[in-house]
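Subject: Handover of the two-chain model

Dear colleague,

I am passing on the structure below, followed by notes on what was found in it. Please read the notes with the coordinates open beside them.

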Amino acid sequence: MATTLPKKDAIIVGMGWTGSIIAAELAKEGIEVIGLERGKGRSLKDYYVVHDELRYGIRYELMQDLSKETVTFRHDDDERALPMRQMGSFLLGEGSGGAGVHWNGQTFRFLPYDFEIRSKTIEKYGQEKVDELGLSIQDWGITYEELEPYFYEFEKASGISGEENPLGGPRSQEYPNPPMKDTPITLKFKDATDQLGYNPYHVPSANMSQTYENQYGATLAACQYCGFCERFGCEYGAKGDPTVAVIPFAKETGNFELRNFANVVEILQEDGKAVGVRFIDTKTQEEFIQPADIVVVTGYVMTNTRLLLNSNLGKPYNPSTGEGVIGKNYCYQILPGVTGFFEEDQFNIFMGAGALGACIDDFNGDNFDHVDLDFIHGGNIAITQTGARPIASNNVPPGTPTWGSEFKAQSIKYYTKSISCVAQGASMPVKSNYLDLDPTYKDAYGYPLLRMTYNFSDQDRNLHSYIGEKIEEILLEMGATEVSERSNLENYDIVPYQTTHNTGGVIMGDDPNTSAVNNYSQMWDHDNVFVVGASSFPHNSGYNPTGTVGALAYRAVEGMLRYLKDGGSLV
Amino acid sequence: MILTEQDKQKTMSRRRFIRNSGLVAGGLVGGGIVGGLIGSNTRNGGELVSPETGGEQMGESIDFQQAPLYFSNLERFAILEAACERIFPEDDNGPGAISLGVPFFIDHQLAGSWGHNAREYMQGPFFPGTQYQGYQTALKRHEVFDEGISAIERTSMSLFDTAFVELEEEQQNEILTQLASGEIEMHGVTSNVFFRLLRSATLEGVYADPAYGGNKNMEGWKMKSFPGHQMSYLGQIESEEFIEIEPSSLRSYTDHH
C-alpha cells in the first residue's frame, strides 16, 4: 500500500542539468518543488580521491547500476532484443547532478540549420534528397533565433569558456569566460586546418578558464588541467556541474526539497491530466505517491521515454505505420576518427581537461555543399586533449598485434606520440530506428525495460566515410608520419564505447501528430506534463548535445511558469 | 668452459629460469609449485618506497597485498600468471605482468564486485545473441576465468602433452592465439570472450593505481611516462617540451588528509 505525500506545486523526475535548472528557476519564483532522484546525493566533497582511472574511468563508479535497470537492444524487428548487460557504447548516469557530474563539458549550440532541417534541406536540395536517403527529419517548431537567449542563460549557468564559432549561429553576447589555454596539440590542429583553408576555433568548455561566479552565486574555480575530467567528478569545483553550480542555490530558496533514492516508476493520470507520480524508495522498497500540479520529466533519453511508455502517456510509435510519437526518432551519433602517429613529436598527452580542444565546423550542418553528396549534415571535427590515461590509451600503428612484446613496445612508445582526431557526426532519424517497451526483460521493480531497435543507415555510412577522409587529411597536414586505417562503418555494436549522445523518443515539433511535445517541452496530450532533455531532439546534430539541452530547459521553465499561472496549452 | 649454476641461470630465458628453478626446488608439481616457480626476485615486497615519488628507498617491507583472495588452487593461479606474462611480457621495455603484480590484481578483482558482476544486469533468460549484442553469458567473470584456466590447461595437455606452465613461450602464445580467435571449446562462454577479459584485466593490472595490487611501485606508469595522480598541470599545459614527471599515486591523497 503506497503512502500518499503532501501535494507539491511541481515534481521534477531526475536531478541532472535540466532538473537542477528547472528546480532553481521554479523555486526562485516561489513554486514549491520536489526533486525525485533515484541515485545518491553528491557534492564537491564526494569528488576527493577521484584521480583513479580504474574506479571511475573503467569500472564506471559514477554511472547507473545496471543490475537494477538497463535497456535491451537489437538491430531490427527480426532480431531478438537482449539486455545490455554491461555498460559500453554509452554511459548512463545516475545520482544528483546526473551525467552533469562526469561530463567533459564540451558545450556547443546546435546550428540554425538544425532547428529547421527539413525546410532548409528541401529548399536547397529538394524533396528527392530526403526521400532517397529515407530520412524522417522534421523541423523542431522553434528557430535558433528564438532559442538564442536561452542558450546564453545556460552558458552563464555552466560558466562556458569559449570564443565565437566563425561558422555558427549569431551570438548576442560573448561567452562568460575567455577560451581555455592553447597547447602544442591544439595549436598544431589550428595551424593545419588554417593551412587547409578551414575555420578553427577553441572548443567551448564548461571547464573554467578562470575563477567565475554564475547567476546563482556559485563560485567555480579555475581548471587545473589535471587530466581527470570525463567520467570523473571535479574535485576543484572547476567544471560546470549542477551539484556545484545550481543545486545549492535551489536549496537556498527554501522552496526546493531534494529526495534521493526515489525511483519514479509511473506518472499517475486522471482525465488527461497528470496528478502525480508513484515512486519507490530504493533503500526501503517502500512505495509512495507524490501528488502535484505539474510533473516535469528530466531524466536521460531512455528514462524519459520509458517512463511515458510505462505510464501510458502519449501514443506509442508504431514503426510499421509510422503513427504514434513516443519512442520515435531515436538517434545517436556517427564517429569517424583517425589516429595520427608522430615520429618527431612527443606530447604531454596526460595533461588536459574534458573540453580542452580545437575544432572546425567547415564540414558540419549545411556549412558545405551537399548537392553531389549522398548524405546530408556532417559533423564537428575536433582534437581534444582530455587527459590520456594509461589503461584506456593504447594506440598502436596499423598491423601491430594486440598483445605480447611488440604490442607492449608500441603502446608504450606511442602513448605520448599519437593523437586522435574525431568528428561527432550528426545522426538522422529513419523509420526503423525507435524505442519501445521490451516484452521479456524487467527492471528490479518488475517494470518492463526499454527496448532499443537501432542500426546505422546508408546516410550514416556515407557521412562517416566522407568526414573520415577529411580527418585523415588534417592529421597528415599536422605532420603525422602514419595514420590508423579508416574502417568502414558497418553495423552498430553496443560493446565499444562510442558516445553518450543519445537523443529522441519524446520529440518536439509544431504538430501533435508528429511530435510528443511543443517547443516548451510541454506534452501535447497532457498539458501539465513537461518532458525536457535530449529526448526532445527530433534528430541529433554534429555536436555535444548539452548546450542545446540546457537552452531547452530554460525555455521550458518559461512555459511552466506561464502554465502554472494561466493553464492550457502554451502554443 | 664449464658454466657455474649461476651463469647458467643468467643465460637462460627468464621463463625457463622460472620453470627450472621450480623443478629444482624439490621438483614439486603440486601444492608447492608456486613458491618454487616464482622466485623471490619477483614476488616479495622488496623496498618500501615513498608514495609520493615511487623512488627514495625507505627500508624493507612486506607486501601483504600479494596473497590470493580468489584462487585457492595455486596450480591454477600459476596458469593465470603464465598467461598474463605472455600478454605483457618482461623484456627490454621493462617489467612484465608477474613482476608488476598483475596476477594478484586480477585475483583481487575476481574476488570483488567486478568478478561477481555486481553492477551489471544478470537476469535471465539468457541467449547467445549476435556479435553486436555484447556479453550474454550467464557466467559471472570469476566463473569465466575458472572455465578459461581449465581450457588453457586442457588445450596444453591435448596439444603438447605438457602442463601450460611448462611450455615454451611460443607454445604458450599459440594457445593464447587460439583462445583469442574463439577456436577453443569452453563451457558456457566462448574462448574469445575469456581472452578479451584476460587481456583487458592484464592491462588494467599493469596501469591501474598500485592501490589495487598491480602496477608495482608505479613501474607500469614509469614505463609509459604517465605521472599518475597530480594535482595540477596549470603551469605546464602550454609547454612545448615533453615533461617527465615522477609519478604519484592515490596513496598521496591520504598523506594530505
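In chain B, helix 7 (residues 141-160) and helix 8 (residues 169-180) have axes that come within 10 Å and cross at roughly 120°. Helix 7 of chain B and helix 8 of chain B are therefore oblique to each other, where angles under 35 degrees count as roughly parallel, over 145 as roughly antiparallel, 65 to 115 as roughly perpendicular and the rest as oblique. The axes are lines fitted to C-alpha atoms, for helices over the stretch in contact, with angles running from 0 to 180 degrees between N-to-C directions, and helices (H or I, at least four residues) and strands (E, at least two) are DSSP runs numbered from the N terminus. The crossing of these two helices of chain B is right-handed (the near helix is turned clockwise from the far one by less than a right angle; anticlockwise would be left-handed). On helix 7 of chain B the contact is made by B:Ile152, B:Thr155, B:Ser156 and B:Phe160, and on helix 8 by B:Gln171, B:Ile175 and B:Gln178, a contact being two residues whose C-beta atoms, placed from the backbone, lie within 7 Å. By class this contact has three nonpolar, four polar and no charged residues (Ala, Val, Leu, Ile, Met, Phe, Trp, Tyr, Cys and Pro count as nonpolar, Asp, Glu, Lys and Arg as charged, and the others, Gly among them, as polar).

Please keep in mind that this is a predicted model, in which local features need pLDDT of at least 70 and side-chain atom pairs count only at pLDDT 80 or more, while totals for chains, interfaces and linings use all residues. Residues are numbered from 1 along each chain as its sequence is written, and chains are lettered from A and ligands numbered from 1 in the order in which they are written.

A second helix pair in chain B is formed by helix 5 (residues 74-87) and helix 6 (residues 102-111), whose axes come within 9 Å and cross at roughly 125°. That angle makes helix 5 of chain B oblique to helix 6 of chain B, and their crossing is right-handed. Helix 5 of chain B contributes B:Phe77, B:Leu80, B:Glu81 and B:Cys84 to the contact, and helix 6 of chain B contributes B:Val102, B:Pro103, B:Ile106 and B:Asp107; these residues divide into six nonpolar, no polar and two charged.

In the loop between helix 6 and helix 7 of chain B lies B:Pro125, and the peptide bond leading to B:Pro125 from B:Gly124 is cis, with omega near 0°. In chain A, A:Ser521 has a positive phi of about 65° although it is not a glycine, and is found in the loop between strand 21 (503-505) and strand 22 (529-531).

As for the interface, 53 residues of chain A are in contact with 51 residues of chain B. The largest share of the chain A side, five residues, comes from helix 11 of chain A, and that side divides into 24 nonpolar, 18 polar and eleven charged residues. The predictor gives the complex an ipTM of 0.95 and a pTM of 0.92.

Chain B averages a pLDDT (the predictor's confidence in each residue, from 0 to 100) of 84, with 76% of the residues scoring at least 70. Over residues 1-45 of chain B, however, pLDDT stays under 50.

With best regards
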